[in-house]
Structure formats: C-alpha cells, structure tokens
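Here's a quick round of questions and answers to read alongside the model. Could you bring up the sequence and the 3D view?

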Amino acid sequence: MISPRRFGRVLVANRGEIAVRVMRACRTAGLESVAVYSDADRDARHVALADAAVEIGPAPAKESYLSIPKLLEAAKTAGCDAVHPGYGFLSENADFARAVTGAGLVWIGPPADAMEAMGSKISARKRMKAAGVPVVPGALIGPFEEHEEKISFKEISSLGFPVLVKASAGGGGKGMRVVHSPSDLSEAISSCRREALAAFGDSTVYVEKYLSAPRHIEVQILGDTHGNVVALGERECSLQRRHQKVVEECPSPAVSPELRARLCQAAVEAARAVAYVSVGTVEFLVEPSGAFWFLEMNTRLQVEHPVTEEAFSVDLVALQLRIAAGERLPELPAAPAFHAIEARVYAEDPDAEFLPQAGRLLVWIEPSGPGVRVDSGVISGQAVDVHYDPMLAKIVAKGRTREEARRRLVVALRETVALGVTTNLSWLGRLLESDPVVRGETHTGLLETLLLPALPPPPDEVLAAAASVLSGPACAAPGVTKSSWPGPFDTPFRMGNGA
Ligand code: ADP
C-alpha cells in the first residue's frame with residue numbers, strides 16, 4: 001500500500017490497455033484512479049474500469065490526450081494528486097512532467113531533466129559516449145538547417161555503406177532511411193528530415209552505421225530517489241516489422257550470463273549518467289560477435305514490460321508507484337524464474353504491408369489457461385478508431401522453458417477471437433511456429449525475408465459462427481469492415497528444435 005500522505009488519487013493520462021494496466025496497479029496499491037477520455041472513447045474499457053472519468057475533448061489526440069492544459073484541468077476537476085502518463089502520448093514529454101510537478105502533483109515517472117537528456121537521440125549518444133557506453137559508430141551531421149551544404153559526405157562514407165539516416169527526435173520506427181550508396185544520401189537526408197518535421201516537429205537528423213542483422217536487446221532498469229539503480233534482466237525484441245517490435249521475450253535466447261552482466265552494467269551506467277529515477281529501458285543493438293551498441297533510452301514504462309514481469313514475478317507499475325511515493329527499491333530477484341513471450345495483437349493487415357485497420361470489433365474473446373496473461377484495452381462492440389495506435393491487446397505466455405512458453409502462446413493466440421476488424425492474430429501464430437522463431441534465431445531484419453506459409457481457409461464451424469454474428473443486430477453497426485479469423489495454424493506442434 002502506498003502511504004496516502006504521498007498521494008491517493010491518480011490521473012491516468014492515457015487510454016487503451018496501458019490505462020487499464022495502470023489502473024489495476026493503482027487499485028492493488030490502495031489508490032483511486034481517474035480516467036480521461038476523448039469523444040471516441042466514451043464507451044472504452046479504461047473508462048469503465050476507473051473510479052472516475054473526465055472527458056477531455058474530441059477524438060484527435062492533439063485536442064485531447066496530447067493537450068497538457070486539458071489533462072491538468074482534468075486532474076484538478078477530479079481531485080487527483082498524482083499523474084501516471086502510461087506510454088506513448090505525453091509519457092516522454094519533459095514539459096508535461098514539469099507542468100504536473102509545477103501544479104503541485106506527483107509525477108509518476110522519471111525527472112524531466114533525465115527525459116530531456118535522453119529525448120534527443122543525438123544528445124543521448126553524446127551523453128552515453130561521455131559515460132563510456134559504446135554507441136553505434138556514426139557521424140553526427142546535425143543539427144543543420146534545410147539546404148545546408150556542410151554535410152560531411154566524406155565522414156559518412158568512411159563508415160562504409162549501408163548507413164542509416166535517423167531523426168534525432170524519432171520514435172516508433174518513424175524517421176529512418178537505409179542508404180546503400182553515396183548517390184542516394186542527399187535525397188534520403190531530405191526525405192527523412194521532411195518526415196521527422198511532420199511527425200515530431202523537429203527536422204534534425206544524423207547518420208550512423210547500418211548494422212546488418214543485429215539483435216535488438218534491451219535492459220529494464222529501475223532507479224529510486226535514494227540513488228539506487230538496478231537492472232532487471234534483458235528483453236529480446238528482434239522480431240520487428242517496419243522497425244517496430246511485434247513479439248518480445250525475456251530472457252533472450254541469445255544472451256550468455258557473461259554478456260548479460262556486461263549489458264546490465266552498461267545500462268546501469270547509462271541510467272546513472274542522467275540521474276535516472278523510476279522505470280526505464282536502455283536499448284542496445286547486439287551483433288553475433290557479442291559486440292553491442294547503445295541505441296536509445298526510453299524514459300518510461302515499455303509496451304513489452306509484461307515479459308519482464310512474468311519472467312521475474314514482479315509488478316513494475318507497482319514499483320513505479322512506490323518509487324514515486326519516495327520509497328526505496330526493494331530487493332529484486334537476481335535471475336528470472338520463468339521464460340515469457342509476448343505477442344502484440346494489432347488491428348492491421350499483414351497481407352497489405354501491415355496497414356492499420358479500423359472498424360468495429362464485433363466480437364473479442366480473450367484466451368486463458370496456465371501461464372497465460374492478457375493485457376487488453378478492448379471489449380466486444382468497441383470501435384477501433386483511426387486516431388489511435390492500432391494495438392488491441394498483448395498476449396503473454398510464460399513457462400519453465402522457452403519452448404513451454406512458446407507453445408502456450410501459440411495455443412493462446414489460436415483461442416483468441418477477434419471478429420469485425422482485420423488483425424494480425426493468425427500471422428502471429430504462424431510466426432511463432434516458424435523455424436527461426438522456434439530455434440530462437442532471430443534478428444531485426446528477419447521479417448523482411450521470412451516467408452510464412454499461407455493460411456488455410458477457416459473451417460465450416462467458424463464460418464457458421466461468423467455468419468450468425470454478422471447476421472445479428474451488431475452487423476448494423478457502422479464501420480464494419482471484414483472479419484479476421486484466428487484460424488487453425490497450418491503447422492502442427494513441433495517437438496523441441498523444430499524436429
Ligand atoms: P525508434 O526510437 O523509432 O524505436 P530505434 O533507434 O529504437 O528507433 O530503432 C528501432 C529499430 O530500428 C531497431 O530495433 C533496429 O531494428 C533498427 N535500427 C536502428 N538503428 C539501427 C542501426 N544503426 N543498424 C541497424 N538497425 C538499426
């Protein structure tokens with residue numbers, strides 16, 4: 001229980017599954033939680049779960065979930081004394097953190113200065129270099145102005161092609177261009193800059209070496225206000241489409257105890273370099289040789305935090321609340337007792353370049369069973385709105401071994417039902433049954449070339465169930481697009497190493 005003298009009523013400045021997740025942790029800690037919602041989210045799950053809810057404006061996030069004045073006003077109206085930002089939206093916005101503390105409320109997150117130091121990829125790289133943490137080799141060519149001629153082509157060429165042009169303010173895989181030859185560099189820099197300006201309001205870009213087939217491995221860190229910083233193992237996040245994670249696991253099948261110790265030490269040094277408090281993630285690219293490079297630090301709770309929670313049997317949001325209340329970090333497990341794997345269920349079409357989908361989720365049925373956890377923000381009948389992130393839920397399975405966790409996840413995905421909106425459910429199931437994933441031999445470029453077997457047509461009983469749903473009253477709901485079948489996977493269970 002959090003001491004009520006510190007805070008007792010938390011405004012959850014977010015929506016969807018993360019708002020639900022934070023509210024659960026508040027309730028467990030004996031705290032009340034207050035939801036905020038836009039016009040489009042009136043009937044959303046996070047609103048129903050909160051102790052109170054405040055409407056903050058129209059559907060576009062800029063006018064609701066991204067409006068600092070509206071969120072502060074909501075906190076005041078609802079009598080909140082603390083704010084949890086979740087992830088995404090304003091969670092890494094130092095101005096929001098300062099506005100919250102400036103209004104006399106407790107900010108359940110890292111200090112604004114640490115967020116600022118890590119917010120720009122260029123300044124984060126500089127800080128990490130100074131702290132002795134290895135960074136991807138690269139030439140800093142920004143900040144520079146539009147049409148500036150001072151770009152050091154010689155310096156960039158010395159890295160060797162391919163190189164990656166990256167937006168300093170980038171996130172979510174946006175604002176990146178792989179460049180294979182010097183003649184394409186100029187155009188890549190201009191287009192990356194345009195995209196960065198449109199998406200992040202900042203056109204600063206830089207160039208670094210593009211590593212071929214690295215793994216994305218990140219370390220969970222926690223810091224308290226008493227100067228303690230600890231690392232809580234790593235997460236393997238190499239399965240990505242469009243540089244965005246889609247399946248994560250803890251621990252990584254590719255990390256030896258010796259490499260783990262070095263990654264964790266580098267992550268703690270990175271966090272200490274910015275006097276980090278709260279939960280955060282230090283991301284690395286790891287090469288087959290074991291060489292690793294700092295990628296960036298996410299100064300917030302991570303989407304994939306449940307795999308660490310399940311592997312280590314901890315509640316990271318509860319710890320975040322306790323840290324914000326000024327408590328010392330408790331003793332944490334030295335090693336994971338379980339293996340956990342998470343699959344992100346998106347309203348998107350894997351057959352159309354993972355294009356986000358919208359519509360009404362007519363039927364949503366979650367799986368259950370030993371070792372299965374579902375973090376979701378949706379209910380049957382809910383609209384999936386184009387204004388927001390298309391992630392519907394995260395399905396997590398844990399086991400004593402990686403193979404047990406993987407099999408449980410495959411079964412859980414098969415049991416999940418999402419009708420009314422196209423999702424990646426069956427694609428995820430086939431991915432988790434593919435040879436490289438079964439063997440744990442993944443890298444960040446794998447999904448660009450991996451061919452998954454085609455999906456067989458749904459069996460008759462599934463078609464019959466769909467027909468009955470679609471001919472019922474729900475069919476009249478606006479925005480109905482097409483159905484998505486969890487479908488039977490085309491490959492039977494495999495034993496051990498794909499044999
Ligand atoms: P974002 O903030 O948009 O998530 P990151 O810097 O974290 O961007 O990178 C996201 C992903 O892009 C990485 O996990 C990796 O797959 C790829 N990536 C980024 N930098 C490099 C690089 N230098 N070489 C190869 N891949 C990279």
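Q: Is H243 buried, exposed or partly exposed?
A: The relative accessibility of H243 is 31%. Buried means under 20% relative accessible area, exposed means over 50%, and partly exposed is in between (1.4 Å probe, protein chains only). At 31%, then, H243 counts as partly exposed.

Q: What kind of model is this?
A: Residues are numbered from 1 along each chain as its sequence is written, and side-chain values use heavy atoms, leaving out hydrogens and water. Local features need pLDDT of at least 70 and side-chain atom pairs pLDDT 80 or more, while totals for chains, interfaces and linings use all residues, since the model is predicted.

Q: What is the phi of H243?
A: Most residues other than glycine have a negative phi. H243 isn't a glycine, yet its phi is positive. You'll find H243 in the loop between strand 11 and strand 12; strands here are DSSP runs of E, at least two residues, and helices are runs of H or I, at least four, numbered from the N terminus. The phi of H243 is about 60°.

Q: Is F354 buried or exposed?
A: F354 also isn't a glycine, and its phi is positive, near 60°. Look for F354 in the loop between strand 16 (348-349) and strand 17 (355-356). Its relative accessibility is 14%, so F354 counts as buried.

Q: Which residue does a cis peptide bond join to F161?
A: Most peptide bonds are trans. The one here is cis, with omega about 5°. The partner lies in the loop between helix 7 (153-157) and strand 7 (163-167), and that partner of F161 is P162.

Q: What is omega for the bond from C250 to P251?
A: P251 sits in the loop between strand 12 and helix 9 (257-273). The bond leading to P251 from C250 is cis. Its omega is near -5°.

Q: How much space lies in the largest cavity?
A: A cavity is a set of points on a 1 Å grid, over the protein atoms alone, where a 1.4 Å probe fits but cannot get out. Points join across faces, edges and corners, and the volume is the space filled by probe spheres set on them. Three cavities reach 30 Å³ or more. The space in the largest is about 50 Å³.

Q: Which strand gives the largest share of that cavity's lining?
A: Lining residues have an atom within 4 Å of a point; here they are E236, C237, S238, L239, V247, E248, E249 and T442. Strand 11 (229-241) and strand 12 (244-250) each supply at least two. The largest share, four residues, comes from strand 11.

Q: What is the strand order in the open sheet of five strands?
A: Two strands pair if DSSP finds at least two bridges between them. Pairing in this sheet is parallel, and the edges, pairing on one side only, are strand 3 (52-57) and strand 5 (106-107). Strand 1 (residues 9-12) and strand 2 (residues 32-38) are joined by four bridges. The order is 3-2-1-4-5.

Q: What share of the 499 residues in the protein chain is buried?
A: The chain has 16 helices and 23 strands. Contact means heavy atoms within 4.5 Å, and among contacts between residues at least 6 apart in sequence, 66% join residues at least 24 apart. Buried residues make up 55%.

Methods:
On a 1 Å grid over the protein atoms alone, a cavity is a set of points where a 1.4 Å probe fits but cannot get out, and a pocket is an open set with protein on both sides within 12 Å along at least five of seven lines; lining residues have an atom within 4 Å of a point.
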